[in-house]
Number of protein chains: 2
Amino acid sequence: MLHIFNSLTGKKEPFEPINPPFVGMYVCGPTVYNHVHLGNARTFMSFDVVFRYLRYLDFKVRYVRNITDVGHLENDADEGEDKISKRARIEQLEPMEIVQQYTVGFHNIMAQFNALPPSIEPSATGHIVEQIQMVQDILNNGWAYESNGSVYFDVKKYIDAGHDYGKLSGRNVDELFSGTRALDGQSEKRNPMDFALWKKASSEHIMRWPSPWGDGFPGWHLECSVMSTKYLGDAFDIHGGGMDLKFPHHECEVAQCNAAHGTDAVNVWMHANMLTLNGKRMSKSTGNTLLPQEIFSGENPFLSKPYHPMVLRFFMLQAHYRSTLDISDAALLAAEKGYNRLHEALGMLSDLPTSASSTIDVDHWGERFAAAMNDDFNTPVLIAELFDAVKEIHRIKSGEAAISSDDLQRFDTLLADYVYSVLGLQPQSEKNSNDSLEKLDAALQVLIHLRNQARADKNWALSDDIRDQLMEKGIVLKDGKDGTTYTIQS
Amino acid sequence: MLHIFNSLTGKKEPFEPINPPFVGMYVCGPTVYNHVHLGNARTFMSFDVVFRYLRYLDFKVRYVRNITDVGHLENDADEGEDKISKRARIEQLEPMEIVQQYTVGFHNIMAQFNALPPSIEPSATGHIVEQIQMVQDILNNGWAYESNGSVYFDVKKYIDAGHDYGKLSGRNVDELFSGTRALDGQSEKRNPMDFALWKKASSEHIMRWPSPWGDGFPGWHLECSVMSTKYLGDAFDIHGGGMDLKFPHHECEVAQCNAAHGTDAVNVWMHANMLTLNGKRMSKSTGNTLLPQEIFSGENPFLSKPYHPMVLRFFMLQAHYRSTLDISDAALLAAEKGYNRLHEALGMLSDLPTSASSTIDVDHWGERFAAAMNDDFNTPVLIAELFDAVKEIHRIKSGEAAISSDDLQRFDTLLADYVYSVLGLQPQSEKNSNDSLEKLDAALQVLIHLRNQARADKNWALSDDIRDQLMEKGIVLKDGKDGTTYTIQS
């Protein structure tokens, strides 16, 4: 049975959907004001595997991942410019042009990572009516107040009424209150801990909508409470996001849902951990930062070569989603080797010799794979099990182990299910380009072999002829001390 | 100077942007309740070329193409089920899951066609606030009335006040009035010609939003007026769409904008023509229908083989966007030949012999290409000119014509600009997979040649060796009466 680590309780718990076989899952998506960050890509890849495994278990999953296209301010204290608006100002574009540009870029990157699109991908600007409605509900229930055209959540009142603000993030309320700087007389907030549900738009603010409190825009935390409950109901199964969103974003979501609907809304909170680069926190200001496309293209100062998106995916899944993961050239090189070794073994499956009976127990392998994933989606353990299976494949090939043709088919299906459907790695046959490169390599090895024979026979005319004919087609043979290699001209 | 055929005036007119170098262009996008139709794909491809050519002319284009995700009812008389809701009911999904599924599919198809994403891709559900506001404006200005929780545009009042309803579509108003069936006493409309700005949602209707007139959803025509003017201003340059949208959709847009803002909003109306299949109208009910992905995969009863998206794009651009176009196997085969011939010639450019002086006038070629596109985006004439240029390339190669190295570079740039940037065909070098297939073919031809020599020398051992070594790698040689061919096993 599947167990999931619930950030709210700090424990692994058996997963019991509210309304089986349906599962509702909400994951906080990107704020589309810039290229998607590698750390965010890891988070979305982690939840892609959660989505895939739940589907593999035959749950009917509705997976909602939002696009934040308004309301995310530069700092968490409800101050500073809107991230999208600022970028629009810098690039001299309409904010929605920024949104489109980086949404398209985000989708392209996730497609290269072979991440499935979510079932619904709602945007904050697409749910202004619903957000105004939820602000109204919270106001009506007495947990918020209007101040100068903005509406704030009254955290102190919420706590004084006995609500456990801090229960998700584990923050101590007293510390929170003493830790925030005192408000000057100008503040619209009653208390520094209060957070915006609706912000008044200044006259130069482009992104604005009419509301009962005047023209403004929704607070960042609000959109996720609104869109998750709109599409998944007032109580749903899983809410995920990056670890950095636990506070204040997710803590505020819990408070908002309680204030509006009287429930936490979420049964299981899941948080994916952070990525470091060469042992240090990624940060633009220090230059210790790397984008997915810089890894695919090889254009970066950190890595010795480009890495294929599937290698990066495989690399990330070699760590558990709740562990931090350090990216480095050595680690990626090792992952690439492993990825190739795994696929090489899978490629052998169809040609394995079969016997009348099997020395291997396919059901047992299925149980081992399931046990790994059922333990809070433990992909590193699953991958270790898969490499044990690779050893078994080699043993069958060399005759040290035996498999019946029936079992071989089941083994093949089982491995394909876990490698392709659950881990979301791409089967070799879909990589057409690589495939024809492999065939080209094979054909060229035959030609190099023939030419070597001609040279051994001192048939220089033939040897030169082979070289010249290939050269004409843009394939250059080069004789070195380690034998003959080739380069392909484009 | 660029001239565009304006559907409103029925004339080709010089294109003068309202606020150069900026150009605002709005195109009606898909209703995402099903796979994108081939005819729609043609429309979007036509406007992709318009977008590309305007950019090539150094205009700063803001290209808005919407996603219709609510309000498009099954018939144009404001009756019947919402297309998205109906599909959701049939597939037992949330309407927004339908929207997501077919939006992702649409984007994938357009990416395969190498169509650029628009600058902004707004959705109808994402602009409920703005739509309610425009309904309110039209009501306030006296051109609409509320009836039983719905709001209708008062076409008769609009006409009686002297507005030319029908000026875009050329419909005769008297005929329109007499042609529509009389209303029974139950109708909410004052007149059958009136159209919905806002529809009351029945109790079982899932897609609904609160409004001053009760819970409901926006009328289909409204969204385009709202989103075009929101992102492009109350007067903008170009509005495009399929010919079938002229009436009632675009005619209603004109009326709405006049009613709300007192202007037509649009300077130039452009309409793309329809696609037929084997000479007949495409229609699901008769089975005479074909989807883009069925053409790419070859899985359809109409065509002899799969066709690459670029061949289909090239085929479509061989017709003018205002002409009907018939798709058939013979026409696609011919397009494929032409596409290959064009690319073959472009591939020769870098290896052409150069001379001290030129017999060709590159500037003159540039003028010919521009003249074609400036004549209402006449892509078939441009393609004919490009094939004349292909002949010139062959003449240079054979020594019948001469080009200086300077001119060759300019010629190369000019051709690449029109073929890749303007027509949006994909350069060969980006087709890695095809490229390695070509190299593979070259290497195999060398091997087949060597094997033929071995057979002529009665060296059967070598001949068999070559065949067997290739077979081992999944490359099968086959000797037939027309020589040796090969097949590649995956």
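How many residues does helix α3 of chain B have, and how far does the helix reach from its first C-alpha to its last? Helix α3(B), residues 95-112, has 18 residues and reaches 26 Å, close to the 26 Å expected at 1.5 Å a residue (the expected span being 1.5 Å times one less than the number of residues). Helices here are DSSP runs of H or I with at least four residues, and strands are runs of E with at least two, numbered from the N terminus. Most of α3(B) is covered, with 13 of its 18 residues buried. A residue counts as buried if 20 or more other C-beta atoms lie within 10 Å of its own, as exposed if 12 or fewer do, and as partly exposed in between, with C-beta atoms placed from the backbone. Just past the helix, B:Asn114 takes a positive phi of about 60°.

A word on the model and the bookkeeping. The model is predicted, so local features need pLDDT of at least 70 and side-chain atom pairs count only at pLDDT 80 or more, while totals for chains, interfaces and linings use all residues. Residues are numbered from 1 along each chain as its sequence is written, and chains are lettered from A and ligands numbered from 1 in the order in which they are written.

Now for chain A as a whole. Its secondary structure comes to 16 helices and 15 strands, and its C-alpha trace spans about 95 × 55 × 35 Å along the principal axes. Of its 490 residues, 43% are buried. Among contacts between residues at least 6 apart in sequence, 71% join residues at least 24 apart; a contact means C-beta atoms, placed from the backbone, within 7 Å. An automatic or database domain assignment splits chain A into domain 1 (3-272), domain 2 (276-429) and domain 3 (431-488). The centres of domain 1 and domain 3 of chain A, taken over C-alpha atoms, are 59 Å apart.

Two bits of strand pairing are worth a look, where pairing calls for at least two bridges found by DSSP between the strands. In chain A, an open sheet of three strands runs in the order β12-β11-β13 with mixed pairing. Its edge strands, β12 (280-281) and β13 (325-327) of chain A, each pair on one side only. Strand β11(A), residues 275-277, pairs with β13(A) in the parallel sense over three bridges, and A:Leu275 stands opposite A:Leu325. In chain B, β1 (3-6) and β2 (11-14) pair in the antiparallel sense over four bridges, with B:Ile4 opposite B:Glu13. Four residues sit between the strands of this hairpin, where B:Gly10 takes a positive phi near 70°.

How do the two chains fit together? In the interface, 41 residues of chain A are in contact with 41 residues of chain B. On the chain A side, the elements giving two or more residues are α3 (95-112), α4 (128-140), α15 (432-456) and α16 (460-472). The largest share, 13 residues, comes from α15(A). That side divides into 22 nonpolar, 12 polar and seven charged residues (Ala, Val, Leu, Ile, Met, Phe, Trp, Tyr, Cys and Pro count as nonpolar, Asp, Glu, Lys and Arg as charged, and the others, Gly among them, as polar).

Chain A superposes on chain B by a rotation of 180° with 0.1 Å of shift along the axis, at an RMSD of 0.3 Å; the fit is by least squares on C-alpha atoms of residues with pLDDT of at least 70 in both copies. The two copies are therefore related as by a two-fold rotation axis. Of the residues of chain A, A:Gly126 comes closest to that axis, its C-alpha at 1.7 Å. The copies meet through the same surface, because 100% of the interface residues of chain A are also interface residues in chain B.

Technical notes: Two residues are in contact if their C-beta atoms, placed from the backbone, lie within 7 Å.
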